[in-house]
Amino acid sequence: MKPIVLADLMNIIEYEKVRKNYRADIVAYKKHRRISLGPNITVTFENRKTMMFQIQEMMRAERMVHDHQIEEEIAVYNSLLPMKDCLSATLFIEVTENAQIRSVLNGFIGLTKGDSVYFKVGSAAIPAKFEADREEKNKISSIHYVQFQFNAEAMTVFQDQDQPVELVIDYKDYSYKFLLGDAERRSLLADLLTD
């Protein structure tokens, strides 16, 4: 996927003028890119469009006006863009009750090791590869960046509407799956087919 460059972004004054509509467009766009797996895991698929929005929001929040500051943000977000034949996502471990935050998070320690989160594409499993350094021996972050690398066979199956595609988590006692509908599939397939 083509990297984001400074020229792709609006300065904070121009962004403020269009932010309401821009934000509404992104919310609608993400509707079919955000998948809940049970009560505690949400996976949001990222691409240039979603990452440009994140950078614009960061520039606005931090009042970034200097190119070098913005270039640093661009570098961080570009590293999260999907590579060729790949889907990129942010995985959130969500806890709604403050008193349960630590116990719920602790229950997911070890999630980043192994193949507990994956796409089931026909008979193949495409495991999530977690970004390093977001989990320690006794502590795990609530936000993770993951990539799903598809081979040629899995890409062919993903494009075949007659073949089911599921996003699955199967970790300890936490086991959920989501069957992708046409809208989710079309949105993610656009990422997979983008050079």
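"Buried" here means under 20% relative accessible area, with exposed over 50% and partly exposed in between (1.4 Å probe, protein chains only). By that cut-off, 44% of the 195 residues in the protein are buried. What you have open is a predicted model, where local features need pLDDT of at least 70, side-chain atom pairs count only at pLDDT 80 or more, and totals for chains, interfaces and linings use all residues. Residues are numbered from 1 along each chain as its sequence is written, and side-chain values use heavy atoms, with hydrogens and water left out.

**Whole chain first.** Show the C-alpha trace: along its principal axes it spans about 50 × 45 × 25 Å. The radius of gyration is 18 Å, which agrees with the value near 16 Å for a compact globule of 195 residues; it is taken over C-alpha atoms, and the globule rule is 2.2 Å times the number of residues to the power 0.38. Switch to cartoon and you get 6 helices and 10 strands. These are DSSP runs, numbered from the N terminus: helices (H or I) have at least four residues, strands (E) at least two.

**Now the sheet.** Select the 8 strands of the open sheet, in the order E1-E2-E3-E8-E5-E4-E9-E10, with antiparallel pairing. Pairing takes at least two DSSP bridges between two strands. At the edges sit strand E1 (34-37) and strand E10 (174-179), each pairing on one side only. Neighbouring strands are turned by 25° against each other on average, direction ignored.

Zoom in on residues 117-121 (E4) and 124-130 (E5): this antiparallel pair has 4 bridges. Pick Lys120, and its bridge partner in E5 is Ala125.

Next, select helix H6 (residues 182-192), which packs on the sheet and touches E2, strand E3 (86-93), E4, strand E9 (165-171) and E10. The direction of H6 makes about 125° with that of E3; axes are lines fitted to C-alpha atoms, for helices over the stretch in contact, and angles run from 0 to 180 degrees between N-to-C directions.

**Last stop: Val43.** Find Val43 in strand E2 (residues 41-46). Is Val43 buried or exposed? Val43 counts as buried because its relative accessibility is 1%. Leaving aside neighbours within four places in sequence, its contacts (heavy atoms within 4.5 Å) are Arg33, Arg34, Ile35, Leu37, Ala89, Thr90, Leu91 and Leu167. Try a C-alpha distance to Phe92 too: 6.3 Å from Val43, though the two are 49 residues apart along the chain.

Zoom back out for the chain-wide picture: residues 24 or more positions apart account for 70% of the contacts with a separation of 6 or more.
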